[in-house]
Amino acid sequence: MPLTEDQKAEIAALRAETRPTRRPTVPALEEILYEALPVLDHGFVRVVDYMGDDAAIVQAARVSYGKGTRRVSEDAGLVNYLMRHRHTTPFEMCEIKYHVKLPIFVARQWIRHRTANVNEYSARYSILDNEFYLPAPEHLGVQSRANRQGRGEALAGAEAQRVMALLREDAERAYAHYQEMLNEDEAGTRLDPEREGLARELARMNLTLNFYTQWYWKTDLHNLLNFLSLRADAHAQYEIRAYAEVMLETLKRWVPITYGAFLQYRLGGFHLSERGLAAVKRLLAGEAVTQKDSGLSPREWREMMAALGREG
Ligand SMILES: Cc1cc2nc3c(=O)[nH]c(=O)nc-3n(C[C@H](O)[C@H](O)[C@H](O)COP(=O)(O)OP(=O)(O)OC[C@H]3O[C@@H](n4cnc5c(N)ncnc54)[C@H](O)[C@@H]3O)c2cc1C
């Protein structure tokens with residue numbers, strides 16, 4: 001379980017408190033505010049704060065004095081228009097802050113998204129928990145032959161067992177050595193009173209990339225959508241996609257109209273190149289177009305055909 005009893009009590013205390021405000025709040029998001037939504041084996045995502053709602057986007061787009069909202073259908077029409085035409089600044093009026101617990105190798109992909117404010121747990125100051133990610137058997141994929149950046153079917157039998165044993169042994173040994181170098185246990189109690197122990201900022205360097213770290217991550221809605229369009233996509237690595245999928249659920253609660261527009265025009269849509277569009281026009285006209293005469297690369301052709309639901 002990712003949370004200790006003390007942490008659970010802190011969250012419960014926060015959730016028990018309410019404050020009157022004139023600012024807009026979103027009941028569906030309030031329902032899960034502060035709650036740790038589990039991801040992978042020890043990770044989580046918690047919404048810890050937010051500003052704005054769907055109406056704030058409409059309000060900004062119309063630069064209105066009041067709520068700016070008209071009928072829900074009109075607001076949805078406007079949000080769809082903004083999304084379709086990449087008129088993005090109204091989405092930047094909304095902000096959200098997450099607390100995320102994630103394996104270090106996932107954090108390395110995530111941190112590439114520079115348009116967010118991040119504060120990470122300090123392993124110079126504190127001792128990292130003895131928690132590391134082990135993939136569920138169905139996610140222990142073989143190296144994909146078609147995509148060098150991907151995985152295929154799950155490993156099976158003795159090889160799968162051996163890989164799991166190696167992952168576990170390496171992480172356990174690394175953590176045991178970490179504690180030995182620190183000369184401290186997880187609670188910070190000295191193990192050998194005769195020894196000094198290495199600084200925390202140095203001892204951490206032997207830990208494997210599947211150990212968990214934590215951060216607060218704050219971004220605006222425009223950049224959150226960019227993050228989700230890349231990381232909730234089927235091509236993203238499963239482990240970061242698992243986080244993006246939970247965040248999509250928080251997006252649905254927070255700004256349901258924007259969520260609908262995002263699925264419609266970005267996540268569920270497909271971008272065509274000029275040659276791709278020409279090939280689709282020819283296909284619609286009943287022509288038998290092949291990859292070679294379309295001028296598309298085999299990969300782009302495969303991706304387009306998959307999006308169109310047709311055989312390559
Ligand atoms: C499937 C996949 C595979 C990937 N593989 C690799 C890989 O092999 N190696 C690797 O290094 N990375 C890889 N990445 C990371 C990728 O290149 C981006 O760094 C990452 O997705 C962040 O995207 P971003 O720059 O749009 O996001 P953000 O940093 O949030 O930026 C959002 C937008 O702001 C603008 N922006 C931000 N900072 C700058 C800047 N300094 N200059 C100009 N414009 C800026 C850009 O328009 C950018 O699109 C991969 C990502 C994905 C999704």
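**View 1. The shell around the ligand mixes three classes of residue.** By class, one nonpolar, three polar and three charged residues make up this shell. What you are looking at is a predicted model. Which residues surround the ligand? They are R112, H113, R114, T115, Q149, L230 and R231.

**View 2. Oxygen atoms of the ligand meet R112, R114 and T115****.** Start with R112, where a polar atom of the side chain lies 2.6 Å from a ligand oxygen. At R114, look at the backbone instead: one of its N or O atoms is 2.6 Å from an oxygen atom of the ligand. For T115, turn back to the side chain, which has an N or O atom 2.4 Å from a ligand oxygen. How much of the ligand's accessible area does the protein cover? On its own the ligand has 930 Å² of accessible area, and the protein covers 46% of that.

**View 3. D54 in helix α3 makes contact with residues 255 to 258****.** Helix α3 spans residues 54-62, and D54 is part of this helix. Is D54 buried or exposed? With a relative accessible area of 9%, D54 is buried, because buried means under 20%. Setting aside neighbours within four places in sequence, D54 is in contact with V255, P256, I257 and T258. Two of these deserve a second look. The D54 side chain reaches the backbone nitrogen of I257 at 2.7 Å, and it also makes a polar contact of 2.7 Å with the side chain of T258. You can also find P90 here: P90 is 36 residues away from D54 along the chain, and their C-alpha atoms are separated by 9.9 Å.

**View 4. D75 in helix α4 makes a polar contact with R62****.** D75 belongs to helix α4, which covers residues 72-84. Its relative accessibility is 6%, so D75 counts as buried. The polar contact joins the side chain of D75 to the side chain of R62, at 3.3 Å.

**View 5. Two aromatic pairs tie together parts of the chain that are apart in sequence****.** A pair of aromatic rings is described by how far apart the centres are and by the angle between the planes. The count of aromatic pairs comes to ten. One of them is W110 with W217, an edge-to-face pair with 5.6 Å from centre to centre and 85° between the planes. W110 sits in helix α5 (residues 104-110) and W217 in strand β7 (residues 212-220), so this pair ties together parts 107 residues apart in sequence. W110 and W217 are both buried. Y175 and F211 form a stacked pair, with centres 5.6 Å apart and 20° between the planes. Here Y175 comes from helix α6 (residues 157-182) and F211 from the loop between α7 (200-203) and β7, so the parts tied together are 36 residues apart in sequence. Y175 and F211 are buried too. Look also for one aromatic cluster, formed by Y98, W110, W215, W217, F227 and Y243.

**View 6. Y34 and R86 have positive phi values****.** Neither residue is a glycine. Y34 has a phi near 75° and lies in the loop between α2 (27-30) and β1 (37-39). For R86, phi is near 50°, and the residue is found in the loop between α4 and β3 (95-103). Which of the two words, buried or exposed, fits each residue? Y34 is buried, with a relative accessible area of 12%, whereas R86 is exposed, at 71%.

Key. Residues numbered from 1 in each chain as written. Predicted model: local features only at pLDDT ≥ 70, side-chain atom pairs only at ≥ 80, totals over all residues. Heavy atoms only, no water. Near = heavy atom within 4 Å. Polar contact = N/O pair within 3.5 Å; in protein donor to acceptor, adjacent residues only side chain to side chain. Areas by Shrake-Rupley, 256 points an atom, 1.4 Å probe, with all protein chains shown as cover. Nonpolar A, V, L, I, M, F, W, Y, C, P; charged D, E, K, R; others polar. Helix = DSSP H or I, 4+ residues; strand = E, 2+ residues; numbered from the N terminus. Buried < 20%, exposed > 50% of the residue type's maximum accessible area, 1.4 Å probe, protein only. Contact = heavy atoms within 4.5 Å. Phe/Tyr/Trp six-rings, centres within 6.5 Å; stacked < 30°, edge-to-face > 60°.
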